[in-house]
Number of protein chains: 2
Amino acid sequence: MRDTARGWHQDGLSIGLVPTMGALHAGHMSLVDAARHENDRVVVSIFVNPMQFGAGEDLGRYPRSPEHDQSMLRAAAVDAIYKPSVADMYPPGSSSRVVVHGVTDRLEGAARPGHFEGVATVVTKLFTATSADRAYFGQKDAQQVAVVRRLALDLDLGVEIRVCPTVREADGLALSSRNAYLSPPERQAAVCLSRALGLAAEAYGRGERDPVRLRAILQGPIEAEPLARLEYAEVVDPSTFSPGGSLAVLAVRIGKTRLIDNYDLKLPYPG
Amino acid sequence: MRDTARGWHQDGLSIGLVPTMGALHAGHMSLVDAARHENDRVVVSIFVNPMQFGAGEDLGRYPRSPEHDQSMLRAAAVDAIYKPSVADMYPPGSSSRVVVHGVTDRLEGAARPGHFEGVATVVTKLFTATSADRAYFGQKDAQQVAVVRRLALDLDLGVEIRVCPTVREADGLALSSRNAYLSPPERQAAVCLSRALGLAAEAYGRGERDPVRLRAILQGPIEAEPLARLEYAEVVDPSTFSPGGSLAVLAVRIGKTRLIDNYDLKLPYPG
């Protein structure tokens with residue numbers, strides 16, 4: 001991968017990277033499209049990163065669809081698929097970690113200890129291995145976006161972080177590989193996340209700024225849904241993830257499946 | 001720096017980096033010479049990195065000689081001097097760190113908490129900012145060498161770590177910017193480090209392998225020197241810094257000045 005990337009740079013070609021864990025859906029493909037428009041070469045990495053999964057989490061059953069992924073990426077004519085093994089990424093003796101303080105303290109960072117250390121370490125490795133000029137992330141993982149922006153800047157990685165809007169189903173559910181875990185009734189229940197964000201955006205549009213009332217509005221549709229259990233609902237600053245901005249963030253369990261979603265309340269809600 | 005380095009790579013030129021904290025001496029210049037022989041372009045970075053100094057350490061009085069450094073590097077015809085400010089390196093909000101576990105647990109890592117986190121973070125930044133193909137370090141900072149080798153590999157930085165032999169005064173004292181702190185009697189006393197390493201190498205050459213006896217041999221000349229106080233003397237593996245290899249490492253206070261030195265006992269001692 002490194003030799004290919006260096007050859008491209010030597011030829012004056014720019015490189016866009018789309019880091020994924022496979023199980024590709026239209027959200028990923030929107031990132032590939034964006035990368036294609038802005039770069040001479042597009043690399044998609046596929047790596048289910050054990051380091052970012054906690055002990056009780058879904059590493060073992062995380063959806064995998066290698067043939068489907070391959071044919072989607074072939075259809076999109078990407079220039080390279082970088083698909084390292086776990087042993088390639090973490091050979092015996094490997095012991096370095098990238099740690100981002102501050103923005104990782106709360107919400108996803110608190111709910112999933114070690115998650116962002118795993119994300120920051122693997123993303124750094126993917127950036128350096130592919131010599132990416134730009135890297136593409138979905139807004140759906142908003143706190144991950146904040147972590148990656150921070151480390152790219154802090155470690156002088158010379159990669160521009162590009163963020164693409166969350167892609168949603170017709171009823172508003174944000175696309176996620178984990179939606180595959182949902183039973184049909186859970187799938188119906190899962191619309192409560194985007195409904196909550198829509199109500200909060202409406203209220204914000206009418207002038208509501210009180211974080212306590214915005215939070216209550218976010219909680220309403222989740223608490224009304226018998227299959228849902230709220231983990232957190234907050235309005236935060238999108239760079240620091242401390243309270244007080246206009247980004248509404250949600251984590252909700254639907255049955256055993258943990259879903260996250262977010263919306264910048266300053267934007268009109270499309271739903 | 002990044003644009004210059006990328007331009008060189010685009011022209012197919014290789015880049016050697018010599019990271020320094022300034023106060024240049026013949027040890028540093030031996031690294032510059034090696035970089036010159038093996039690369040098309042040579043970059044010397046000068047940055048006294050606050051992050052690698054502990055609270056009670058010598059950051060404030062660390063020797064600085066900008067004009068002397070400049071003229072030495074001009075005479076050596078290096079291609080670029082990269083001299084970022086502290087604000088360039090750590091702007092407000094910067095919060096990412098590179099942490100190397102394992103090899104940093106003992107000896108220098110234990111004596112100087114946070115030191116190797118500071119080293120690993122700044123070295124990663126220097127490697128990425130300069131797009132170095134090779135980076136040059138002195139064997140004198142043996143544990144730093146092990147940390148840097150580890151992180152370069154673990155984070156896929158694509159930089160080859162080259163290590164050059166310790167440069168010594170005629171009496172054996174390893175060159176160090178911190179030797180400038182020594183009074184004349186302390187300077188004389190400081191020869192006890194290299195003398196201890198020489199005695200251990202002699203014993204090893206005669207077949208001595210018992211770590212307890214080797215350690216006692218290392219301690220002898222330090223304890224015989226009234227101005228010296230031993231911090232540690234061990235024989236370790238040069239990659240992991242766990243006990244059991246053939247690298248003798250020493251940390252000794254001469255008055256208020258903390259000096260380190262090391263020697264691979266498998267080599268014949270030149271002294």
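# Exercises on a predicted two-chain model

Leu247(A) stands opposite Asp264(A) in β9(A). The model is predicted. The exercises start from this pair.

## Exercise 1. The sheet around Leu247(A)

Task: Work out how strand β8 of chain A is joined to β9(A), and which strands stand at the edges of the sheet.

Solution:

- Step 1. Take the strand pair. Strand β8 (residues 247-254) of chain A is joined to β9(A) by eight bridges. The two strands run antiparallel.
- Step 2. Add the rest of the sheet. The order is β7-β8-β9 (chain A), in an open sheet of three strands with antiparallel pairing.
- Step 3. Find the edges. They are β7 (228-236) and β9 (257-264) of chain A. Each has a single partner strand, so one side of each is left without a neighbour in the sheet.
- Step 4. Read the twist. Ignoring direction, neighbouring strands of this sheet are turned by 15 degrees against each other on average.

## Exercise 2. The five-stranded sheet

Task: Give the strand order of the open sheet of five strands in chain A, then place helix α7(A) against its strands β5 and β6.

Solution:

- Step 1. Write the order. It is β3-β2-β1-β5-β6 (chain A), and the pairing is parallel.
- Step 2. Mark the edges. β3 (80-82) and β6 (160-164) of chain A each pair on one side only.
- Step 3. Note the twist. From one strand to the next it averages 25 degrees.
- Step 4. Look at one pair in detail. Strand β5 (residues 134-138) of chain A runs parallel to β6(A), with five bridges between them. Ala135(A) has Ile161(A) in β6(A) as its bridge partner.
- Step 5. Add the helix. α7(A) lies across β5 and β6 of chain A. Its direction is at about 165 degrees to β6(A).

## Exercise 3. Two domains in chain A

Task: State the domain bounds in chain A. Then describe the side of domain 1 of chain A that touches domain 2 of chain A.

Solution:

- Step 1. Split the chain. Domain 1 of chain A covers 2-164, and domain 2 of chain A covers 177-264.
- Step 2. Place the centres. Over C-alpha atoms, they are separated by 25 Å.
- Step 3. Count the contact. Domain 1 of chain A gives 13 residues and domain 2 of chain A gives 14 residues.
- Step 4. Find the main contributor on the domain 1 side. Helix α7 (residues 142-154) of chain A supplies the largest share, three residues.
- Step 5. Sort that side by class. It has eight nonpolar, three polar and two charged residues.

## Exercise 4. A helix pair

Task: Describe how helix α9 and helix α10 of chain A pack, by axis distance and crossing angle.

Solution:

- Step 1. Set out the two quantities. Packed helices are described by the angle between their axes and the distance between the axes.
- Step 2. Read them. The axes of helix α9 (residues 191-205) of chain A and helix α10 (residues 211-223) of chain A come within 8 Å. They cross at roughly 150 degrees.
- Step 3. Classify the angle. Angles over 145 degrees count as roughly antiparallel. Therefore α9(A) is roughly antiparallel to α10(A).
- Step 4. Give the hand. The crossing of α9(A) and α10(A) is right-handed.
- Step 5. List the contacts. The α9(A) residues include Cys192(A), Arg195(A), Leu199(A) and Tyr204(A). The α10(A) residues include Leu214(A), Ile217(A), Gly220(A) and Pro221(A).
- Step 6. Sort by class. This contact has 11 nonpolar, one polar and one charged residues.
- Step 7. Turn to chain B. The axes of helix α9 (residues 191-205) of chain B and helix α10 (residues 211-223) of chain B come within 8 Å and cross at roughly 150 degrees. The crossing of α9(B) and α10(B) is right-handed.

## Exercise 5. Where the chains meet

Task: Which element gives the most to the side of chain B that touches chain A? Show how strand β4 of chain A pairs with β4(B).

Solution:

- Step 1. Count the residues. 24 residues of chain B contact 24 residues of chain A.
- Step 2. Name the elements of chain B that supply at least two residues each. They are α1 (2-10), β4 (96-100), α6 (115-130) and α7 (142-154).
- Step 3. Pick the main one. β4(B) gives the most, with five residues.
- Step 4. Sort the chain B side by class. It has seven nonpolar, 11 polar and six charged residues.
- Step 5. Pair the strands. Strand β4 (residues 96-100) of chain A and β4(B) pair in the antiparallel sense over five bridges.
- Step 6. Fix the register. Val100(A) is opposite Ser96(B) in β4(B).

How values were computed
Residues numbered from 1 in each chain as written. Chains lettered and ligands numbered in written order. Predicted model: local features only at pLDDT ≥ 70, side-chain atom pairs only at ≥ 80, totals over all residues. Domains from an automatic or database assignment. Contact = placed C-beta atoms within 7 Å. Helix = DSSP H or I, 4+ residues; strand = E, 2+ residues; numbered from the N terminus. Nonpolar A, V, L, I, M, F, W, Y, C, P; charged D, E, K, R; others polar. Axes fitted to C-alpha atoms, helices over the stretch in contact; angles between N-to-C directions. Parallel < 35°, antiparallel > 145°, perpendicular 65-115°, else oblique. Left-handed = near helix turned anticlockwise from the far one by under 90°. Pairing = 2+ DSSP bridges.
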